[in-house]
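User: Hi! I'm new to this structure and would like a friendly walk through it. Could you take a look with me?

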Amino acid sequence: MVAENSSESTCSCCHSEELYRPVSCRIESIEVLTPAEKLFRLVREDGKAFGHRPGQFVQVSLMGIGESPISVSSSPTRGDYLELGVRSAGVLTGEMHLLEPGATIGVRGAFGTAFDTDAMKGRDLLLISGGCGLAPMRALIQHVEDCRDDYGKVTVLYGAKSPEDMLYKDELAAWQQSEKLACQVTVDNIATGTCWDGNVGLITTLIPPLEIDPARTTAVIVGPPIMYRFVIAELKKKDLKDQDIVVSLERYMKCGVGKCGHCTIDHLYCCTDGPVFTLDQVASLKDAI
Ligand SMILES: Cc1cc2nc3c(=O)[nH]c(=O)nc-3n(C[C@H](O)[C@H](O)[C@H](O)COP(=O)(O)OP(=O)(O)OC[C@H]3O[C@@H](n4cnc5c(N)ncnc54)[C@H](O)[C@@H]3O)c2cc1C
Ligand code: FES
């Protein structure tokens with residue numbers, strides 16, 4: 001299985017001027033996810049669809065400040081809006097957190113490879129995310145929920161540092177109750193006095209008890225860099241092959257469209273060859289994982 005390449009899509013960003021020129025978008029709503037993260041719902045001011053697919057990212061811009069790459073956190077099966085889960089990490093994302101609904105911001109994209117939801121059809125899915133990695137994974141989970149008959153057994157695993165750091169708490173609770181998928185959540189630590197009756201331990205502890213048929217399972221991993229090596233090691237113990245392990249990688253980006261060379265992973269550009277890769281594409285590349 002390979003990551004789906006955006007160059008074959010009919011998305012709006014294929015019109016070359018939209019590769020470079022931000023489209024004006026209105027913030028329809030803002031939801032506080034954690035003390036550091038907010039969910040922004042955007043619509044294009046020209047009323048057009050974004051043409052995005054789960055796994056892709058957009059370049060968000062604020063006039064006079066700059067641009068940042070942010071993963072798309074909503075599936076197009078939910079509507080033509082775009083949802084972005086943004087952590088206040090620096091200048092641009094900090095300014096974004098000060099905005100109110102009704103404000104306008106610029107968006108280029110969606111860019112990059114998507115999760116190949118066609119190649120996943122008929123297969124069991126093991127969707128593993130940690131921390132902010134749930135942002136792009138949420139778009140894939142929404143897609144799978146909306147096209148549920150296309151897929152086999154679906155298992156979602158999510159790990160956060162603490163209960164306070166968990167993103168999309170309401171949706172995680174709903175997925176844990178859902179008949180459409182199995183969902184397990186774990187936290188690394190709980191502070192004294194915190195109310196938490198779920199799992200405590202690293203996300204890797206959730207994998208050994210799972211019953212996985214390696215011949216029909218595709219695993220998808222999105223999370224902080226440290227997580228990949230250990231999760232992949234657990235999946236290898238379950239005999240999953242590199243081509244059936246999908247990863248989404250982050251690199252420092254500028255242009256987002258394969259021109260500036262800031263995002264290279266060996267001979268690959270993270271922004272156009274990725275961010276979604278199968279493990280067999282990157283396993284042998286130095287520093288990829
Ligand atoms: C493909 C992709 C998808 C992303 N998706 C999301 C998302 O869904 N939600 C989210 O909150 N963030 C996401 N990020 C990270 C986000 O782009 C950075 O946090 C953001 O650019 C910081 O911009 P800033 O102006 O607020 O911070 P700055 O003031 O520019 O920098 C703050 C700090 O963050 C570091 N930094 C900036 N960009 C990156 C980067 N790409 N990787 C690592 N460190 C960086 C800087 O070096 C600095 O130390 C994504 C990054 C990539 C490449
Ligand atoms: S960000 Fe410019 S080439 Fe990838």
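User: How many residues surround ligand 1?

Analyst: Happy to help, and keep in mind that this is a predicted model. Among the residues around ligand 1, the closest are Pro 69, Gly 85, Arg 87, Leu 92 and Thr 93. The shell divides into 9 nonpolar, 5 polar and 3 charged residues. The number surrounding ligand 1 is 17.

User: Which element gives the largest share of the shell around ligand 1?

Analyst: Three elements each give two or more residues to this shell: β4 (66–71), β5 (82–87) and α2 (91–96). The largest share is 4 residues, and the element it comes from is β4.

User: How far is a backbone N or O atom of Pro 69 from an oxygen atom of ligand 1?

Analyst: Let's go through some polar pairs. A side-chain N or O atom of Ser 71 is 3.0 Å from a nitrogen atom of ligand 1. A backbone N or O atom of Gly 90 lies 3.3 Å from an oxygen atom of the ligand. For the backbone atom of Pro 69, the distance to a ligand oxygen is 2.6 Å.

User: What share of the accessible area of ligand 1 does the protein cover?

Analyst: On its own, ligand 1 has 880 Å² of accessible area. The part covered by the protein is 69%.

User: Which helix gives the largest share of the largest nonpolar core?

Analyst: That core has 64 residues, and Leu 134 is among those with the most contacts inside it. Leu 134 touches residues including Ile 141, Tyr 158 and Trp 175. The largest share of the core, 6 residues, comes from residues 134–146, helix α3.

Methods:
Residues numbered from 1 in each chain as written. Chains lettered and ligands numbered in written order. Predicted model: local features only at pLDDT ≥ 70, side-chain atom pairs only at ≥ 80, totals over all residues. Heavy atoms only, no water. Core = buried A, V, L, I, M, F, W, Y, C linked by side-chain atoms within 4.5 Å. Buried < 20%, exposed > 50% of the residue type's maximum accessible area, 1.4 Å probe, protein only. Contact = heavy atoms within 4.5 Å. Near = heavy atom within 4 Å. Polar contact = N/O pair within 3.5 Å; in protein donor to acceptor, adjacent residues only side chain to side chain. Areas by Shrake-Rupley, 256 points an atom, 1.4 Å probe, with all protein chains shown as cover. Nonpolar A, V, L, I, M, F, W, Y, C, P; charged D, E, K, R; others polar. Lists of a residue's contacts leave out its neighbours within four places in sequence.
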